[in-house]
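Subject: Structure handed over, with notes

Dear colleague,

I am passing on to you the structure below, and after it you will find my notes. Please keep it open while you read, so that you can look up each residue as it comes.

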Amino acid sequence: MEMKGVVAGEGIHREGTRRQLKRQSAGVTLLGIALTCWIAYDLHFNTKWDWGPGAGKLPVEIVQGFMSEAYGDGRGVQAAKDYFTPDAKDRNPLSADRKDGPPIRHDTLGVVAQGLSVAVHHCISAAGDDPALNAVDIFRTKNGRIVERTRIAQPAASDERCAMFATAR
């Protein structure tokens, strides 16, 4: 008996190929599910983003936000929590802008920003036990937060001198 168009054993070969394809598609499906689960787990438990007050802002805006909250509102402790990373290097951690209290007058004399670094030249009025200062604060930011601050300062002669610097510009 002759079968037209069918070679002996071809039907068996096709059936074996179908089984292999089913196994391969099942393997690919399981791999896809595993990859999706891994991504979902990583996004949930290993978040690399930070939705702090500096998210999506330029470094100058981050520093301005910190200074506004610390000096203008007198909430230095909260400003440090909001804007500094937990492992930030603050080379002047005992300054008046890291303490809560009445607002501290400060006059910004100049701001220079390059990349993720911001330098602020300002005159800070006396606050509590801290004398009036002419200071340059150099901030380094990363991912919407301040990661480092260095202060170069010298005592101002008086608060009036700070006011004089501000009006001389």
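I begin with one pair of charged residues: the side chains of Glu-148 and Arg-140 meet in a salt bridge, with 3.0 Å from N to O. Glu-148 counts as buried because its relative accessible area is 17%, and buried means under 20%, whereas Arg-140, at 37% relative accessibility, counts as partly exposed. Please bear in mind throughout that this is a predicted model.

As for the general picture, the chain has 169 residues, and buried residues make up 30% of them. Its secondary structure comes to four helices and five strands, and, read from the N terminus on, the elements follow the order α-α-α-β-β-β-β-β-α.

Salt bridges

How many salt bridges does the structure hold? There are eleven, and as background it helps to remember that side chains of opposite charge can pair when their charged atoms come close.

Arg-149 is a good residue to look at next, since it takes part in a salt bridge with Asp-90, in which the closest N and O atoms are 3.0 Å apart. Asp-90 lies in strand β1 (residues 84-90) and Arg-149 in strand β5 (residues 145-155), so this pair ties together parts that are 59 residues apart in sequence. Arg-149 also forms a salt bridge with Asp-97, and here the closest N and O atoms are 2.5 Å apart. Because Asp-97 is in the loop between β1 and β2 (106-114) while Arg-149 is in strand β5, this second pair ties together parts that are 52 residues apart in sequence.

Are these residues buried or exposed? Arg-149 is buried, with a relative accessible area of 0%; Asp-97 counts as buried at 1% relative accessibility, and Asp-90 counts as buried at 13%. These pairs belong to a network of salt bridges that links Asp-90, Asp-97, Arg-98, Asp-137, Arg-149 and Arg-151.

The largest pocket

Rolling a probe the size of a water molecule over the atoms shows where empty space is left. In this model, the largest pocket holds about 170 Å³ of space. It is lined by 13 residues, and those that lie nearest its centre are Ala-96, Asp-100, Ile-104, Ala-127 and Gly-128. When the lining of the largest pocket is sorted by class, it has six nonpolar, three polar and four charged residues.

A surface patch and a loop residue

Which residues make the nonpolar surface patch of about 430 Å²? It is made by Leu-35, Trp-38, Ile-39 and Leu-43. Ile-39 has its place in helix α1 (residues 10-45), and at 41% relative accessibility Ile-39 counts as partly exposed, a class that lies between the limits of 20% and 50%.

Finally, you may want to find Ala-132, which sits in the loop between β3 (117-124) and β4 (133-142) and which, at 5% relative accessibility, counts as buried. Ala-132 and His-106 are 26 residues apart along the chain, and their C-alpha atoms are separated by 9.3 Å.

With kind regards

Key:
Residues are numbered from 1 along each chain as its sequence is written. This is a predicted model: local features need pLDDT of at least 70, side-chain atom pairs count only at pLDDT 80 or more; totals for chains, interfaces and linings use all residues. Side-chain values use heavy atoms; hydrogens and water are left out. Patches are made of residues with over 30% relative accessible area and no salt bridge: like charges are joined within 9 Å, nonpolar side chains (Val, Leu, Ile, Met, Phe, Trp, Tyr) within 5 Å. Accessible areas come from the Shrake-Rupley method with a 1.4 Å probe; for residues, only the protein chains shown count as cover. A salt bridge is a side-chain nitrogen of Lys or Arg within 4 Å of a carboxyl oxygen of Asp or Glu. Helices (H or I, at least four residues) and strands (E, at least two) are DSSP runs, numbered from the N terminus. Buried means under 20% relative accessible area, exposed over 50%, partly exposed in between (1.4 Å probe, protein chains only). On a 1 Å grid over the protein atoms alone, a cavity is a set of points where a 1.4 Å probe fits but cannot get out, and a pocket is an open set with protein on both sides within 12 Å along at least five of seven lines; lining residues have an atom within 4 Å of a point. Grid points are joined across faces, edges and corners, and a volume is the space filled by probe spheres set on the points. Ala, Val, Leu, Ile, Met, Phe, Trp, Tyr, Cys and Pro count as nonpolar, Asp, Glu, Lys and Arg as charged, and the others, Gly among them, as polar.
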